Amino acid sequence: RPDGAAVSDPALLLALLPRALAEANDQPCTLWVFGRRHLHRVTVRAAGTEPLEVDYRRRSGELETPVRARIEAVVCAVTTTPLPAAGQSPEPFSLLGLQRDIRLFLDPDSRLPLRVRGTAGLVGTIELDLQQAVVD
């Protein structure tokens with residue numbers, strides 16, 4: 001079970017958090033992520049569902065299939081706590097440039113991360129949608 005696992009790159013959370021949440025039966029779970037200067041405690045919890053229009057390509061082997069649908073995505077709230085060394089100021093956590101109010105939108109069946117939404121510095125709220133998934 002990946003709950004409590006250490007992660008070397010925040011982007012790997014897109015693969016690990018859906019699995020960790022599923023294995024925890026949608027109970028909150030925690031992973032430890034190394035930032036540039038120190039460790040961050042990252043907690044994910046199920047936060048309901050939300051309708052979502054999806055439009056991406058799914059590739060399995062040589063077969064590529066367009067996926068266009070309206071689904072009820074599982075929403076996961078991501079919260080972080082920096083753990084700086086004594087005397088250091090905490091660095092902000094960043095997942096793909098998103099620093100606050102991070103939400104993952106997962107396919108309820110495959111648990112693919114279909115959308116990541118959050119706040120990025122002075123830019124404001126950003127949504128990043130899945131464009132292509134390569135599955136085995």
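Student: In this predicted model, in the loop between which two strands is the place of Ser 110?

Tutor: The strands concerned are numbered from the N terminus. One of them covers residues 100-106, and the other covers residues 113-120. Ser 110 therefore belongs to the loop between strand 5 and strand 6.

Student: Is Ser 110 buried, partly exposed or exposed?

Tutor: The relative accessibility of Ser 110 is 35%. Buried would require a value under 20%, and exposed a value over 50%. Ser 110 therefore counts as partly exposed.

Student: What distance separates the C-alpha atoms of Ser 110 and Ser 89?

Tutor: Along the chain, Ser 110 and Ser 89 are 21 residues apart. In space, their C-alpha atoms are separated by 39 Å.

Student: In what order do the elements of the chain run from the N terminus?

Tutor: The chain contains one helix and eight strands. A strand comes at the start, with the helix next and the other strands after it. The order is thus β-α-β-β-β-β-β-β-β.

Student: What is the radius of gyration of the chain, and how does it stand against the globule rule?

Tutor: Along its principal axes, the C-alpha trace spans about 55 × 35 × 30 Å. For 136 residues the globule rule gives 14 Å, and the value for the chain is close to this, so the chain is as compact as a globular protein of that length. The radius of gyration itself is 16 Å.

Student: What share of the contacts between residues at least 6 apart in sequence joins residues at least 24 apart?

Tutor: A contact here requires heavy atoms within 4.5 Å. Among contacts in the chain between residues at least 6 apart, the share that joins residues at least 24 apart is 54%.

Student: Which residue forms a salt bridge with Glu 50, and how far apart in sequence are the two?

Tutor: The N to O distance in this pair is 3.7 Å, which meets the 4 Å cut-off for a salt bridge. Glu 50 is partly exposed, at a relative accessible area of 28%. Glu 50 lies in strand 3 (residues 39-60) and its partner in strand 6, so the pair ties together parts of the chain. The partner is Arg 117, and the separation in sequence is 67 residues.

Student: With which two arginines does Glu 127 form salt bridges?

Tutor: Glu 127 lies in strand 7 (residues 124-129) and is partly exposed at 39% relative accessibility. One arginine of strand 6 is 12 residues away in sequence, with the closest N and O atoms 3.7 Å apart. The other, also in strand 6, is 10 residues away, with a closest N and O separation of 3.0 Å. In that order, the arginines are Arg 115 and Arg 117.

Student: Which residues are linked in the network of salt bridges?

Tutor: The structure holds seven salt bridges. Arg 115, a member of the network, is buried at a relative accessible area of 13%. The linked residues are Glu 50, Arg 115, Arg 117, Glu 127 and Asp 129.

Student: What is the volume of the largest pocket?

Tutor: The residues that line the largest pocket include Phe 34, Arg 36, His 40, Glu 91 and Gln 99. By class, the lining has four nonpolar, four polar and two charged residues. The volume of the largest pocket is about 220 Å³.

Definitions and conventions. Residues numbered from 1 in each chain as written. Predicted model: local features only at pLDDT ≥ 70, side-chain atom pairs only at ≥ 80, totals over all residues. Heavy atoms only, no water. Salt bridge = Lys/Arg side-chain N within 4 Å of Asp/Glu carboxyl O. Helix = DSSP H or I, 4+ residues; strand = E, 2+ residues; numbered from the N terminus. Buried < 20%, exposed > 50% of the residue type's maximum accessible area, 1.4 Å probe, protein only. 1 Å grid on protein atoms, 1.4 Å probe; cavity = no way out; pocket = protein on both sides within 12 Å on 5 of 7 lines; lining within 4 Å. Points joined across faces, edges and corners; volume = space filled by probe spheres on them. Nonpolar A, V, L, I, M, F, W, Y, C, P; charged D, E, K, R; others polar. Rg over C-alpha atoms; globule rule 2.2 N^0.38 Å.
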